[in-house]
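Colleague: Take me through the model on screen, and defend the terms as you go.

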Amino acid sequence: MSTDVDVVIVGAGPVGLFAVFACGQLGMRAAVIDALADPGGQLTALYPEKPIYDIPGRPQVRADRLVSDLVEQAAPYRPAYLLGQEARSLSEDPCGVFSVETSKGESVRARAVVIAAGAGAFGPNRPPLKDIRDYETTSVFYHVAQRDRFSGKRLVIAGGGDSAVDWALSLAEVAQEVTVIHRRDKFRAHPANVAAMSAHPNINILTKHQLVDLKGSNGTLEGIGVGRIGGETTVLEADVLLALFGLASDISVLRDWDIAIEGKVLPVSAETCQTSRDGVFAIGDIAHYPGKLKLILTGFAEASLAAHSAHQRVFPGKAIHSEYSTTRGVPGSSENPVLQSA
Amino acid sequence: MEIIVTLADGSSRTLVAGEGLSVMEVLRDAGLIEGECNGSLACASCHVWVDEAWNESLGETSEDEEDMLDVAFNLAPTSRLSCQIFIGPATNGIRVALPKAI
């Protein structure tokens, strides 16, 4: 399916969400693509319950509350959200209209692209084991899509959080045996579930150990090398590995977008937030220029700047009537005059 | 002040370190690590191995730091997050190593 908007925003973190509003204020409708199933980026994925103290006008705000407020603030401009799918490729037709394709086969067409991708798209935090990708469709997994897949298997679960403990308990009912590998004795999980796991006859727990390597060939796992931290390595016979180490971010997909990348950031003009490619802007943590501060508030300002820059491309030659939000209002607002609809 | 870092290839570098900065900031500014969450204990991208002789002088690891070390790889007995180690008279000259594949 294809969605046509004025601006496509890559990344639904706080800065991407505010970019929806900033574009809306200038009469541009946006679509937002994010690999996560929910908006909020790092605030949702890494620290939803932590308080943030450096948002102007908000002496203290929990990260998840800031996200829900930003979603609410953007809502009058009717953004199209394409969540749970990664922006994959960028193309441009001869008329200068961009198309961004997602990992779910959706495409978004727009005259401007705003990359607000933070540290990159979130995906599984993959253990750096040799050849691990060769096993990923057959015997190494990062989440449980179907419990049946583990039926009768010798399963190793690596990780020490709630998901490791909960899945150990659940899959112990169908797997031949379950071994949980964790680096320390303490689990970051509900104590009652940890106690149930410890007492379960079909679950072995191996603490103070970590993954070392995978044994097998052609995508078929035969064993998993595990090492005592700072000590000797042994091999566990295993058919399946479930590696539960949370999320990690990755910007590698942007390498094929024909924009300059330095390390993990995109150099932009501080005046326009435009990357090395015309019509493609970058804001927030992923954007870099001399003197850059990696703060949410800097990203908010960059969102506004990029919206103004994008406007020149979306509506060439059209002047921006300068107006404050106090008089411009937002669509549907009862208190402010609605002078511009999205 | 300075820190001495051993890279994954075994070579060592001495880095000038401003008092009050974290070891993460010094390593990041030298282009050696990512320090993705900027020291907010929300990632493990600044994981280092602290030299054993220095490790005891650093004191206890906080529970938040332990939680993030749970999602780090290539751990050693002296694994720490370098964003939690600050440069000062007690840590001047500290030796750390970037984790290498095991």
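What follows is a short exchange on cores, contacts, domains and a sheet.

Modeller: This is a predicted model, where local features need pLDDT of at least 70, side-chain atom pairs count only at pLDDT 80 or more, and totals for chains, interfaces and linings use all residues. Residues are numbered from 1 along each chain as its sequence is written, while chains are lettered from A and ligands numbered from 1 in the order in which they are written.

Colleague: What makes Val7(A) and Val114(A) part of a nonpolar core?

Modeller: A core is a set of buried Ala, Val, Leu, Ile, Met, Phe, Trp, Tyr and Cys residues joined through C-beta atoms within 7 Å. Buried means 20 or more other C-beta atoms within 10 Å of the residue's own, placed from the backbone. The largest such core has 63 residues, and Val7(A) and Val114(A) are among those with the most contacts inside it. Apart from it lies another core of 61 residues, including Met197(A) and Cys46(B).

Colleague: Which residues does Val114(A) contact, leaving aside neighbours within four places in sequence?

Modeller: Among them are Val7(A), Phe281(A) and Ala310(A). Contact requires C-beta atoms, placed from the backbone, within 7 Å. By that test, 21 residues of chain A are in contact with 16 residues of chain B.

Colleague: How is chain A divided?

Modeller: Into domain 1 (2-123 + 248-328) and domain 2 (126-245). The bounds come from an automatic or database domain assignment.

Colleague: Why are β12 and β15 of chain A edge strands?

Modeller: Each has a single partner strand, so one side of each lacks a neighbour in the sheet. The order is β12-β19-β13-β14-β15 (chain A), parallel and open. Pairing takes at least two DSSP bridges; four join β14 of chain A to β15(A). Strands here are DSSP runs (E, at least two residues), numbered from the N terminus.

Key:
Buried ≥ 20, exposed ≤ 12 C-beta atoms within 10 Å, placed from the backbone. Contact = placed C-beta atoms within 7 Å.
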